[in-house]
Amino acid sequence: KYTQNRRLKYLFFIRAFFFLVFTAYSSIVVLFIIDVFSLDPRQIGQLFFLIGLFLIINQVVIVRIFSKRFGDLKTFLLGQAVVILTLFSLQFINSLYAYIFLAYLMNLGFSISFPTFRSLLANSVDAKKQGEKYPDEIIIFISHKDSQSWIDSPGAYDNAVGTVANM
């Protein structure tokens, strides 16, 4: 048995589900945008630039506010709920402005989920038990994310398979 800690098992289950959702979304979002809004590659690049700005704002400012106000577990679960509700809402939109609003909300959900999960994980592990079984070994996980192949950029087509597998 790896662990008796039920909280860790719960966190990893939620995290695994979350990454399946994230991977599925990131794999099909450009096709969705092209199909629904008929954007060309330049416009898609501009849209993703805007979404990148959302990411910066959310991770630099908003995450701290939520985490301090609600605590890590509630913030993590709120982020997961926002992502799921946003994904569900995508099927009902046909306006680019509505998509941008939903993209911001989804980005917010992802942004508050990532750091709070790490914090919850660190606080759930018994520091006294770390390294008990193999005290002289160091295990390193590595992965990468190549450039986005669907917008005619160089790089392999594996789009974070190694990254998701390690998480």
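Helices here are DSSP runs of H or I with at least four residues, numbered from the N terminus. With that in hand, welcome to the tour of this predicted model.

**Whole chain.** Start by showing the protein chain as a cartoon. From the N terminus on, its elements run α-α-α-α-α, with five helices and zero strands. Now switch on a surface: about 11,500 Å² of the protein chain is exposed, and carbon and sulfur atoms supply 65% of that area. Of the 167 residues, 32% count as buried. If you like contact maps, take the contacts with a separation of 6 or more: residues 24 or more positions apart account for 68% of them.

**Helix H3.** Next, select residues 72-90. This is helix H3, with 19 residues. From first C-alpha to last, H3 reaches 27 Å, close to the 27 Å expected at 1.5 Å a residue. Show side chains for its buried residues: Asp72, Thr75, Phe76, Gly79, Gln80, Val82, Val83, Thr86 and Leu90. Look down the axis of H3 and you will find these buried residues within an arc of 155°, so they line one face of the helix.

What covers them? Add helix H1 (6-37), H2 and helix H4 (96-124), which are among the elements covering the buried residues of H3. Then turn to the face of H3 pointing away from its buried side, where Lys74 and Leu85 are exposed.

**A nonpolar patch.** For the last stop, select Phe49, Leu53, Ile56, Ile57, Val60, Val61 and Ile65, which make a nonpolar surface patch of about 650 Å². To place Ile65, look in helix H2, residues 41-70.

Terms used:
Residues are numbered from 1 along each chain as its sequence is written. This is a predicted model: local features need pLDDT of at least 70, side-chain atom pairs count only at pLDDT 80 or more; totals for chains, interfaces and linings use all residues. Side-chain values use heavy atoms; hydrogens and water are left out. Patches are made of residues with over 30% relative accessible area and no salt bridge: like charges are joined within 9 Å, nonpolar side chains (Val, Leu, Ile, Met, Phe, Trp, Tyr) within 5 Å. Accessible areas come from the Shrake-Rupley method with a 1.4 Å probe; for residues, only the protein chains shown count as cover. A salt bridge is a side-chain nitrogen of Lys or Arg within 4 Å of a carboxyl oxygen of Asp or Glu. Helices (H or I, at least four residues) and strands (E, at least two) are DSSP runs, numbered from the N terminus. The expected span of a helix is 1.5 Å times one less than its number of residues. Buried means under 20% relative accessible area, exposed over 50%, partly exposed in between (1.4 Å probe, protein chains only). The arc is that of the directions from the helix axis to the C-beta atoms. Contact means heavy atoms within 4.5 Å.
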